[in-house]
Amino acid sequence: MRRVLVCDDDITISEVVAIILVDSNMAEVYTIPDCDNIIEKIEDLKPSIIFMDNKIPTHGGVVATQTIKNHPVHKSIPVVYFTGSHDIDELAENAGADYTLAKPFSISQLEEVVNKAFKSGKVNND
């Protein structure tokens with residue numbers, strides 16, 4: 001089954017994403033509250049898609065996403081930058097993220113971005 005990694009220190013947001021995606025049989029969902037050792041976490045969990053919050057400890061979402069996108073093996077994993085910041089598009093572009101999802105979001109918006117990422121051809125569909 002496809003795996004989604006949610007990187008967000010807001011437990012409520014992580015739980016909402018997990019409930020929606022698991023209940024709709026879209027993916028298994030793993031959550032982490034920080035991006036310390038993000039490459040090791042990706043290697044352990046092997047996600048198909050990564051949701052990245054902007055204000056996540058310790059280095060922040062921009063640096064964590066740049067770390068992923070600069071990695072020779074993991075750079076092809078779609079990253080959905082999601083935040084409540086008004087400058088989400090600029091942040092996502094600076095980070096190198098593939099998609100954006102503004103908080104708060106609806107169930108249909110979440111499902112739409114996940115479907116886009118799955119159809120991109122870049123995801124591991126195991």
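Here are some questions and answers about this predicted model.

User: Let's start with the cysteines. How many disulfides are there?

Analyst: A disulfide needs two cysteine sulfur atoms within 2.5 Å. The sulfur of C7 has its closest cysteine sulfur in C35, and because that one is 4.3 Å away, it's too far for a bond. C35 is in no disulfide either, with the sulfur of C7 as its nearest, 4.3 Å away. So by the 2.5 Å rule the count of disulfides comes to zero.

User: Is C7 buried or exposed? And what about C35?

Analyst: The cut-off for buried is under 20% relative accessible area. C7 has 0% relative accessibility, so C7 counts as buried. C35 has a relative accessible area of 3%, so C35 is also under the limit and counts as buried.

User: Does the length of α1 match what you'd expect, or disagree with it? What span do its end C-alpha atoms have?

Analyst: You take 1.5 Å times one less than the number of residues. Helix α1 has 13 residues, so it should span 18 Å. The expected span agrees with the distance between its end C-alpha atoms, which is 18 Å.

User: What does the buried part of α1 pack against?

Analyst: First, who's in it: the buried residues of α1 are I13, S14, V17, A18, I20 and L21. As for the spacing, an α-helix has 3.6 residues a turn, so residues three or four places apart point the same way. The buried residues of α1 pack against β1 (3-7), β2, β4 (79-83) and α5 (107-119).

User: Which residue caps the N-terminal end of α1?

Analyst: Look for a side-chain oxygen sitting by a backbone nitrogen at that end. One such oxygen lies 3.0 Å from the backbone nitrogen of T12. The residue it belongs to, and so the cap within the 3.5 Å limit for a polar contact, is D10.

User: Where is M26, and is it buried or exposed?

Analyst: M26 sits in the loop between α1 (11-23) and β2 (28-32). Leaving out residues up to four places away in sequence, M26 touches R2, L21, E111, V114, N115 and F118. Its relative accessibility is 12%, so M26 counts as buried.

User: Which side chain does the side chain of D8 make a polar contact with?

Analyst: D8 is in the loop between β1 and α1, and at 1% relative accessibility D8 counts as buried. Beyond its neighbours within four places in sequence, D8 is in contact with several residues, including I13, S14, D53 and F82. The polar contact, at 2.6 Å, is with the side chain of K103.

User: How do α3 and α4 pack, and how far apart are their axes?

Analyst: Two packed helices are described by the angle between their axes and the distance between the axes. Here V62, T65, Q66 and K69 of α3 meet L91, N94 and A95 of α4, and these residues divide into three nonpolar, three polar and one charged. Helix α3 (residues 61-69) and helix α4 (residues 88-95) pack at an angle of about 35 degrees, with an axis distance of 8 Å.

User: Is N54 buried or exposed?

Analyst: N54 is found in the loop between β3 (49-53) and α3. Leaving aside neighbours within four places in sequence, N54 is in contact with G60, G61, V62, Y81, F82, T83, S85 and L91. Its relative accessible area is 13%, so N54 is buried.

User: Which peptide bonds are cis?

Analyst: Most peptide bonds are trans, so the cis ones are worth a look. One has omega near 0 degrees and leads into T58, which is in the loop between β3 and α3. Another has omega near -5 degrees and leads into P104, in the loop between β5 (99-102) and α5. The two bonds described here are P57 to T58 and K103 to P104.

User: Which residues have a positive phi without being a glycine?

Analyst: Most residues other than glycine have a negative phi, so a positive one stands out. In the loop between β2 and α2 (38-45), one residue has phi near 55 degrees. In the loop between α2 and β3, another has phi of about 50 degrees. In that order, they are N37 and K46.

Technical notes. Residues are numbered from 1 along each chain as its sequence is written. This is a predicted model: local features need pLDDT of at least 70, side-chain atom pairs count only at pLDDT 80 or more; totals for chains, interfaces and linings use all residues. Side-chain values use heavy atoms; hydrogens and water are left out. Helices (H or I, at least four residues) and strands (E, at least two) are DSSP runs, numbered from the N terminus. Buried means under 20% relative accessible area, exposed over 50%, partly exposed in between (1.4 Å probe, protein chains only). Contact means heavy atoms within 4.5 Å. Axes are lines fitted to C-alpha atoms, for helices over the stretch in contact, and angles run from 0 to 180 degrees between N-to-C directions. Ala, Val, Leu, Ile, Met, Phe, Trp, Tyr, Cys and Pro count as nonpolar, Asp, Glu, Lys and Arg as charged, and the others, Gly among them, as polar. A polar contact is a pair of N or O atoms within 3.5 Å; within protein, one must be able to donate a hydrogen and the other to accept it, and residues adjacent in sequence count only if both atoms are side-chain atoms.
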